Each structure stands twice: as structure tokens, then as C-alpha cells.
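Hello,

Here is the structure I promised to pass on to you. Have a look around first, and then read on for what turned up.

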Amino acid sequence: MATRRGPRFKECRRLGVNVCGHPNAMKRANSPAFKRTHKISEYGLQLIEKQKIKAYYGIMEKQLARYFKQALKSEGKTGSALIISLECRLDNLVYRLGFANSIRMARQMVTHKHFLVDGKCINIPSYAVTVGQTITLTEKAKKNSYFKEKFLAYNKAKLDYIERDEENFSGKLISAPQREKIPVEINDQMVVEFYSK
């Protein structure tokens, strides 16, 4: 299985946004050494927006192209449908709920079978979680103090579409995410234009 292993902070500086969620990722972003000196073309801007999606959700090109094809078939705006479907991936929701520091860590935890979805062990990071489903740590993982401390020390902003249950070390997708509520800085329309060429 292909994974993204490149330097995260360098990628954040190149894209101009903190895609990895680390508090120190953009520390050197305003340094003169990293300032762009040339104008970016329209194609270049579209490419950057597409790369932001891949970085935010830790996915590869083939996966993104597949999600885009699915978004084309859905009702409403294609760009919004694309982001919403990515937001409902199991590894992303594990990250949003505070079980992991990063999308990379969340992906690893899922593949190592540390989570149950409605009581069933799922080890596929791209698993599409539906509204009403509950994500919880396995009994074995609940005995791991590191996982529990990570979850209880969660300090990210609360999201309307997920609900945390600290007593049972679980979380639930309580409603379909609305595009404006999803905390990613991406111009969806530019991504649609990129793939529409």
C-alpha cells in the first residue's frame, strides 16, 4: 500500500497552509528564503489546490482521481461533494476525534486494528463512515495509556458533525459534514477545473 512519506513541514511551506496540523509547521514560512519570486500561472494555482487535498487527507493521486469521479455523479457542487466524501474517511475521522496527532498516525492506528466501527473491527483507512456510526477503541487499545491520554488531551476546535464520548473512548458521526464547517483551506472550484481539462 502506497503511503506519503515526504517531509511534512517542507510541504506545508510550499503549499502555504498548515496541512499536517502541527503547531510548528509554518514557523519558517515567512523566512525570505522561502518567499516566491515568480508569478504562478492559473494551472499552477489549480495544481497547488489539488496537492493541498492530497496532503490534508494523506491520499495518493489515484485515490483522489477515484473520489473525484464519484463526486461527479453526486448531486450538488462537485467540489463540495469531493471534500465531504474525503472528510468521512475512517482515518480522517479518527484524526478529527482526537485519537491521533496527525492523519499519518490515524492511518497507522486504523491499519493496526485499533478501532471498531459499530462493534466491527475495520482496518481499512479509506472506509466510508456513514451518519450514525460509532468509532471506538478496541478493548486491547483501551488498555494502552498512550491512546487514552491522547484522546483525553484533545484540544482542537469542536466540530458540529462529530460527537466525542470521553467516558467510552469513542466518537460518532452525528450528521453529514457541511462544506463550510470542514476545517480545510482549499479552493474546491480550482480542483474541479483542474480535473475538467
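Two residues are in contact when heavy atoms of theirs lie within 4.5 Å. Keep in mind as you read that this is a predicted model.

With that in hand, which residues of α2 meet α9? On the α2 side they are E42, Y43, L45, Q46, L47, E49, K50 and I53. Their partners in α9 are M190, V191, E193, F194 and Y195. Sorted by class, this contact of α2 with α9 holds eight nonpolar, one polar and four charged residues.

How are the two helices placed? In general, a packed pair is described by the angle between the helix axes and the distance between those axes. Helix α2 covers residues 42-57 and helix α9 covers residues 188-195. Their axes are 8 Å apart and make an angle of about 110 degrees. Angles of 65 to 115 degrees count as roughly perpendicular, so that is how α2 and α9 stand to each other.

Now to the salt bridges. How many does a search of the whole structure find? The search gives 10 salt bridges, and here are some to look up on your screen.

Start with K54 and E61, whose closest N and O atoms are 3.2 Å apart in a salt bridge. Are these two residues buried or partly exposed? K54 has a relative accessible area of 15%, and buried means under 20%, so K54 is buried. E61 is partly exposed, because its relative accessible area is 30%. The two also belong to a network of salt bridges that links K50, K54 and E61. You have already met K50, as one of the α2 residues that meet α9.

Next, find R107 and D91, whose side chains form a salt bridge with an N to O distance of 3.9 Å. This pair links distant parts of the chain: R107 sits in helix α6 (residues 103-111) and D91 in helix α5 (residues 90-96), 16 residues apart. R107 is buried, with a relative accessible area of 11%. D91 counts as buried too, at 0% relative accessibility.

Finally, R179 and D188 form a salt bridge in which the closest N and O atoms are 2.7 Å apart. R179 counts as buried at 14% relative accessibility, and D188 counts as buried at 14% as well.

Enjoy exploring, and write back with any questions.

Best wishes

Technical notes: Residues are numbered from 1 along each chain as its sequence is written. This is a predicted model: local features need pLDDT of at least 70, side-chain atom pairs count only at pLDDT 80 or more; totals for chains, interfaces and linings use all residues. Side-chain values use heavy atoms; hydrogens and water are left out. A salt bridge is a side-chain nitrogen of Lys or Arg within 4 Å of a carboxyl oxygen of Asp or Glu. Buried means under 20% relative accessible area, exposed over 50%, partly exposed in between (1.4 Å probe, protein chains only). Helices (H or I, at least four residues) and strands (E, at least two) are DSSP runs, numbered from the N terminus. Axes are lines fitted to C-alpha atoms, for helices over the stretch in contact, and angles run from 0 to 180 degrees between N-to-C directions. Angles under 35 degrees count as roughly parallel, over 145 as roughly antiparallel, 65 to 115 as roughly perpendicular and the rest as oblique. Ala, Val, Leu, Ile, Met, Phe, Trp, Tyr, Cys and Pro count as nonpolar, Asp, Glu, Lys and Arg as charged, and the others, Gly among them, as polar.
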